[in-house]
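I opened the notebook today to work out who touches whom in this model. Contacts come first, then domains.

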Amino acid sequence: MAEETPWQQALRSANRANPYPFYEELRKTPVARQPDGTYVVSTYREIVTLLHDPRVSSDPRKCAALAATRTENPEQPAAEPIREALTEPNIITCDPPEHDRDRRAMMPHFAGPADAPHLISDLEPDIRRLVDGLLDDMRGKTRIDAVDDFAYPLPVTVICKVLGVPLEDEPRFHHWIETALDALDFGPEAASEEIQSRLAGGRQAVQDFGRFAADLLDRYAGRPGPGMLSALVNEDGTEGRMSKGVLVSNALLLIFAGHETTVNLIAHSVLTLLRHPDALEELRRRPELIVPAVEELLRFESSVQFWHTRSALEDIDIAGTTIPKGAPIFLVYGSANRDPQRFTDPDTLDFERPDNQHLGFSQGIHFCFGAPLARLEVQVAVAEFVRRVENPRLVEDPPPYRHNQIFRGPRHVLVDIDGIRD
Amino acid sequence: MRIVVDLNRCQGYAQCVYLAHEVFRLNGQEALTYEPNPDDERRLQVERAAAACPVQAIALDRVDGTERGEAS
Amino acid sequence: MTLRATVAELVREFRASGRIVIVGASLAGLRAAETLREEGFTGSLTIIGDEPYEPYDRPPLSKQVLKGWVPADHTKLPRMRDVDADWRLGVAAVGLDRATKQVRLANGEQVPYDRLLIATGTRARQWPNPDEAALQGVHTIRSRDDAAQLQKELAEPPSRVVVIGAGFIGSEVASVCRELDLPVTVVERGSAPLVGALGGVIGEIAAQLQRDHGVDLRCGLGVSSLEGDSGGHVRRAHLSDGSAVDADVVVASLGSIRNVEWLEGSGLAAGFWGVGCDAGGRAFDINGVVTDSVFVAGDVARAPHVLYEYQFLAMEHWDNAVLGAQAAAHNMVNLEPHYRPHLLLPGFWSGQFGVNIKSVGVPPFGDEIVFTQGSVEERHFAAAYGRRGRIVAAVAFDHGKWLEYYGRLIERSGPFPPPPPGWDHPPDTKPVPAEFPDPRVPTAVPDVVLTGHAPSERTAAFRPRRH
């Protein structure tokens, strides 16, 4: 058996807590062909270049290798139960002009009218109330889980409100998402019996989740309610209404990406601060640092480690390599954000890092749709955690990680505390 | 306070608009306009907007305005 | 002491106690001053500006200021650091004596320097008939005061505005007029708006954009005279086809003139296109010999550019002012081999009629254009300019996120037509002539111009007909 590539090693679950040494190795070949024909791009400059290259598609339907299902092709590079279960693209898996049109149609319902997009900043009081409530609930406890007690409940509550998803449905979609994410594997363990046995369940979960979203949209159709989904299904913008399939696909994306990545960012922020007591102390002393601090945390532990639906539509010459037409391209944001060619001392946490143009939310036309909301939530949550939690100590390091490689985050972060300040 | 946006760098991500729409506005889909000297009370909003810019195109004053000897 | 040590000592001494004078207190002058201090220059620094205002940003003037959203005095530039300068504002420099190393001011004062930075920029070309130009309601727009006055008159509101010249500024003024729901007539000598900068193919799209927004656009015509009433207020514009347009505000947007008159007799390579300098900002004299003590930056500088056959490039661009000033300032307090070049890929933007128009490279250097991405119909597209099989520039309408792809191709002198995108193709992807006007056609001079190979070249000068 051939020796594993740095990329394959980075994807092993044993290395989930710290993939960075493998990324360092990976960056020695900025554009690295993998045995399955995928081109993995790990350096900042090359990733930014490809994000702005119109010969790169984000639509897996345009790439034979990505479009094949595992049933059709057991050698397929990436088993993708989520995509296999979805028939229509969403804004993250399609190209212009569809992408531009659909994103333009969605944005006003998320951000507000073009002349005064106030909806996101209007959420700040709600976010503060929620964070206060979660911290209040920790009173009297000596040990908390920064994921279950803090990082998870905030974003999921906010996204339900924003989208108009009933909060009481949360346990159901939480289960579907967890099931699907656990079945997704791009590494050497994908062929393992354990992952293989999860695939069917993952597919089923996405189908159930899709039906749930479709039902929700149906309920809102003609009977407008609060939130973005109702607006999408009822209001004709200048771009016209999206088809039902596209709406469902985008609804899934919004529900899922609308909280999952934020959960991981808050969890990683707490974890990183507890690992860097000086930084934690600095933030306590100078609370105004929270704004650049969150940018640095986005760089330091990116919530989306890589993205996997891109491919080359033409031969692309880059970094001394030619990515051949038809090849899948993985862009590893988590590695670009630690690229020493771009960031001085990339493994050092520095809240006052100048010119911190990280790729935590990607760049180009697929720049994270929910970024302004995520930033607001994380700024408030982390600032209040730092201000109110007395003497937080990490119980285990590294903490246990969730299986998923793209949406990388700790499953639990246990923290011992002395109390909660007012 | 004073700000200036390098509109050559700006690619119209509009993050600043969502975070501080009183200071930054889009004219159409992508053309950014803004108030170069916003009220000081908007500083937090503007700092958030500047930090959020994916291409770091927003520059804030690092020292207070006018020097001795400058007319205004 | 070795020679090397002596030179190092000279640099140290100059940085500690030299005298630097910057003429021009706008964007380039300010950023140069900040860079000098950043580089450790602690000597005396004098900044001379003919306007009474501290450095302010000009791009907002023809947009948010005219619209009435932002007051004209809200354009003060942010400061990156203290510059601890002797500011001489409201007094113009009127002469330069390189033999005695002194700048002469309008009030008769002489300011001595060891090193000088010329950053005097440009001014608006006035309506050529002085009597007509003096009529109330006749405007040019370049300064804070210009914008404040014009904004006041647009708010009145006027019955109609006439804009003479459909370059970028003229088009932006027309756009603001339509946003304010003011009737506006645009008169352009060329075949379409923006032809000088972007060529006739893009000009035609810009023309349609203006018309769709209700602009009364008259191309291929000039304004032959302006007529005032007995109170000395402009009331009518007479066009070269014999027609007339009633209007009480007229904006002459005829391009700019480089502020070089004060250098007359200085022996520097100063002319119509500005002051010739090397890629490090060191000024040339009229014989093409580089000077050691005079530097140039911003709109008034013209320097050879490697990407454009080493022709001297003159750029009235915002980032040219910032980056050119930073490079020149660095070189003012360093010696070889620590000189830094200023080799900017030109870049430009203009917001008008709700569309973000951006370009990279030098479009008029190209003779062909090809649409590469998006839809012209939706005014959401990218196009590339080529010359002899190489890509030399690109333009985007609401497609700014893709422009850096073309920028990278231009930097590498990539092929033209460029490799096609994989999706969102325009219906027609064949290169066509870009239709730049003959240089002798008096349309608006583009903001970025290749001005030939000689440091003191003046032959490209177009002299407008005087009445």
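Before counting anything, I noted what a contact is here: two residues are in contact if their C-beta atoms, placed from the backbone, lie within 7 Å. I also wrote down that this is a predicted model.

**Entry 1: inside chain C.** I looked up how chain C is split. The assignment gives domain 1 (3-58 + 78-123 + 257-332), domain 2 (125-255) and domain 3 (347-450). How far apart do the C-alpha centres of domain 1 and domain 2 of chain C lie? I got 34 Å. Then I checked their contact: five residues of domain 1 of chain C meet four residues of domain 2 of chain C. On the domain 1 side I found three nonpolar residues, two charged ones and no polar ones.

**Entry 2: chain B with chain C.** Here I counted 29 residues from chain B and 35 residues from chain C. Which elements of chain B give two or more residues to its side? I listed β1 (3-5), β3 (31-34) and β4 (58-60) of chain B. Sorting the chain B side by class, I got 12 polar, nine nonpolar and eight charged residues.

**Entry 3: chain C with chain A.** This contact takes 12 residues from chain C and 13 residues from chain A. On the chain C side, β26 (368-375) and α9 (403-411) each give two or more residues. I noted that α9(C) gives the most to that side, with three residues. By class, the chain C side has five nonpolar, four charged and three polar residues.

Notes: Residues are numbered from 1 along each chain as its sequence is written. Chains are lettered from A and ligands numbered from 1 in the order in which they are written. This is a predicted model: local features need pLDDT of at least 70, side-chain atom pairs count only at pLDDT 80 or more; totals for chains, interfaces and linings use all residues. Helices (H or I, at least four residues) and strands (E, at least two) are DSSP runs, numbered from the N terminus. Ala, Val, Leu, Ile, Met, Phe, Trp, Tyr, Cys and Pro count as nonpolar, Asp, Glu, Lys and Arg as charged, and the others, Gly among them, as polar. Domain bounds come from an automatic or database domain assignment.
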